[in-house]
Amino acid sequence: MAQPTARVSLIGRTAQVCEYVSLACLAVIATLIFVQILLRNFASLAYAGIEELARFAHINLVFLLVPLLFREGLHVKIDLLTHRAGPKLKRVLDAFAALLTTVYCLFFLVSEYQFMAKNGSVPSPGLGIPNIVFFAGAYLGMALLFLTAAETFLQKARGQAGGGGR
Amino acid sequence: MSGFQIVGLFLLLSLLGVPLAVSMGLSAVTYIVLAGIPLATVAHRMGNALNSFPLLAVVLFIFVGSLLNATGITHRLYEGAKLVVGRVRGGLAYVNVLANLVMAGISGAALADIGALGSIQIKAMKEQGYKEEVAASITVAAATLGPIFPPSIPMIIYASVAEVSGIKLLIAGIVPALVITLCLCVQVWYFARKYHFPRETHVRPWREKLHTALVALPALATPVILVGGLLFGWFGPTELAGFTVFYSLFLGAVIYKELTWERLLTGARDTVRATATIMFIVSSAAIFAWALTVEQVPAQMSELLLGFSKDPVVLLMLVNVILLIVGMFMESIAAIMVMTPLLVPPLYAAGVDPVHLGVVVVLNLMIGLLTPPVGMSLYMVSIISNVSFSRMARVIWPFLVPLLVSLLIVTLVPSISTWLPDLMFKK
């Protein structure tokens with residue numbers, strides 16, 4: 001039983017690390033936008049790279065935090081019917097939600113693979129960042145969400161406590 | 001798979017407790033797979049939905065909302081508003097409305113305003129003898145101002161989906177927000193007399209009043225600077241958000257000296273969580289809305305609505321009914337993402353100004369935050385006030401009246417929304 005526990009904690013710790021990256025992205029976005037205001041208003045300068053870097057940070061901020069949100073049960077859910085369910089049915093519904101999240105991530109990752117196979121090397125207009133780097137946060141975040149949701153599904157299926165949704 | 005089957009699958013998955021973002025995304029993916037459309041579309045659309053400069057304003061305004069309490073701005077705003085109307089009958093109820101208006105000029109989200117101001121306001125009103133459910137209801141109704149007065153997170157999202165000018169839409173919210181404020185104040189005036197709302201008996205000495213005013217001034221000046229910056233073209237929506245973050249940090253660290261590293265980190269953590277929650281929905285809704293568009297649901301919706309009537313007023317009233325019902329069951333950002341592409345083409349074809357429609361859509365969905373069963377604002381205020389959600393759901397209805405009257409006025413008089421942006425941009 002020691003091996004699964006170690007794996008679980010590794011996924012959790014990776015999600016935590018992603019939170020630090022997201023926090024750094026927030027700082028980057030706020031700073032870049034402020035720099036842009038200063039440059040535009042005081043030096044009459046506009047630099048497309050600033051905006052592009054801020055958008056890059058935005059994509060990373062969002063997708064890298066999605067697994068942690070799932071783990072903490074913070075994804076928005078409609079609990080109109082589910083909150084009336086008994087504990088057994090609730091567990092089944094939670095497992096179902098985790099399974100569908102896993103499936104969704106899988107489709108996304110296949111989709112991302114297909115997209116990058118054709119367009120991965122296309123550079124961004126401002127800084128020339130290739131798509132495969134620019135959208136790295138998206139596929140890394142969704143890959144981690146895949147693992148997190150799969151782990152939650154297994155936990156729910158075994159009747160253990162775990163993440164899910166709000 | 002037809003467009004209506006995509007919507008049906010989404011509703012089914014949502015009701016089974018699947019996260020909204022996954023319900024939307026998976027419904028679209030199912031359609032894409034069954035229709036034999038290249039799967040690469042999914043990643044492309046989802047990534048590009050977030051690769052948007054205007055949407056950065058959402059992140060930064062969420063950050064501002066998280067910083068308001070940490071920097072001491074909320075407390076000063078409240079004290080400043082109290083100074084103006086605190087001593088009339090029902091004074092704290094007026095303070096509640098006015099403080100929310102000022103707060104609306106900084107934060108741009110109803111939930112952020114309830115979170116920041118709610119606990120201070122409800123506590124003060126309870127101590128002065130207001131029933132706690134009345135205090136909570138006034139707080140939650142007044143928080144509707146947050147997303148109407150600029151800045152506004154839902155309006156920025158609407159603008160990006162409807163492809164209208166974000167600045168125009170933000171400016172369009174100013175007069176409607178003042179109309180809502182007036183309607184809320186009329187209700188407070190009426191209730192204050194009918195239910196004998198208390199008044200502040202403590203008379204502050206002039207020296208104390210002057211000190212409070214001076215301390216509150218930098219916080220109270222924030223919305224003036226921001227709206228001024230927007231009107232005079234100093235900032236676009238995203239730059240406005242960036243400036244507000246740094247102005248809030250400046251006030252908290254230098255002027256009020258209440259901002260600590262710990263508070264800043266807590267605010268940043270809350271921000272990234274709230275941002276990722278909203279934006280994951282936005283990202284998945286992009287592929288969902290795209291699937292509906294490919295299946296020509298907007299065109300069918302146009303046909304349906306325009307078949308019913310071509311009169312813009314009738315259509316807008318119909319939209320009000322639809323959105324008020326949608327708002328009762330659907331999270332507001334998801335509703336904007338799904339409903340905007342469906343509603344804009346027919347209403348536009350009927351001659352409705354898309355900026356006016358934006359204000360109507362957002363106001364409807366913000367009223368939806370107050371209506372059970374999926375009333376996010378009600379949930380939030382019930383946590384803050386310790387009034388149960390079911391009790392809040394029963395007592396909130398009279399407080400919806402001024403909001404519905406405002407909605408009617410804003411719907412029937414388009415110039416309330418369009419006059420100021422037209423004036424600024426010389427249409």
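Is B:Tyr247 buried or exposed? In this predicted model, B:Tyr247 has a relative accessible area of 15% and is therefore buried, the cut-off for burial being under 20%. The surroundings of this residue are taken up again below, after a description of chain A.

Chain A contains five helices and zero strands. Read along the sequence, its elements follow the pattern α-α-α-α-α. The C-alpha trace of chain A spans about 65 × 35 × 35 Å along its principal axes. The radius of gyration of chain A is 19 Å, whereas a compact globule of 166 residues would have a value near 15 Å.

Of the 166 residues in chain A, 46% are buried. The accessible surface of the chain amounts to about 8,100 Å², and carbon and sulfur atoms account for 68% of that area. When contacts in chain A between residues at least 6 apart in sequence are considered, 72% join residues at least 24 apart. Chain A carries 14 positive and 8 negative charges, and the mean positions of the two sets lie 9 Å apart.

Over all chains, the structure holds 14 aromatic pairs. One of these is formed by B:Phe191 and B:Tyr195, whose ring centres are 5.3 Å apart and whose planes meet at 80°. The pair is classed as edge-to-face because this angle exceeds the limit, set at over 60 degrees. The two partners differ in exposure: B:Phe191 is buried, with a relative accessible area of 11%, while B:Tyr195 is partly exposed, at 47%. The value for B:Tyr195 falls in between the cut-offs of under 20% for buried and over 50% for exposed residues.

A second arrangement is found for B:Phe243 and B:Tyr247, with ring centres 6.0 Å apart and planes at 15°. This pair counts as stacked, since the planes are under 30 degrees apart. Both residues belong to helix 13 of chain B, which covers residues 237-255. Because B:Phe243 and B:Tyr247 are four residues apart in that helix, about one helical turn separates them. B:Tyr247 thus combines a buried position with a stacked ring partner in B:Phe243.

Aromatic pairing in chain B also extends to a cluster. Ring pairs link B:Tyr190, B:Phe191, B:Tyr195 and B:Phe399. The edge-to-face pair of B:Phe191 and B:Tyr195 therefore lies within this cluster, and includes the buried B:Phe191 as well as the partly exposed B:Tyr195.

Technical notes: Residues numbered from 1 in each chain as written. Chains lettered and ligands numbered in written order. Predicted model: local features only at pLDDT ≥ 70, side-chain atom pairs only at ≥ 80, totals over all residues. Heavy atoms only, no water. Helix = DSSP H or I, 4+ residues; strand = E, 2+ residues; numbered from the N terminus. Rg over C-alpha atoms; globule rule 2.2 N^0.38 Å. Buried < 20%, exposed > 50% of the residue type's maximum accessible area, 1.4 Å probe, protein only. Contact = heavy atoms within 4.5 Å. Areas by Shrake-Rupley, 256 points an atom, 1.4 Å probe, with all protein chains shown as cover. Lys, Arg positive; Asp, Glu negative; His and termini not counted. Charge placed at Lys NZ, Arg CZ, Asp CG, Glu CD. Phe/Tyr/Trp six-rings, centres within 6.5 Å; stacked < 30°, edge-to-face > 60°.
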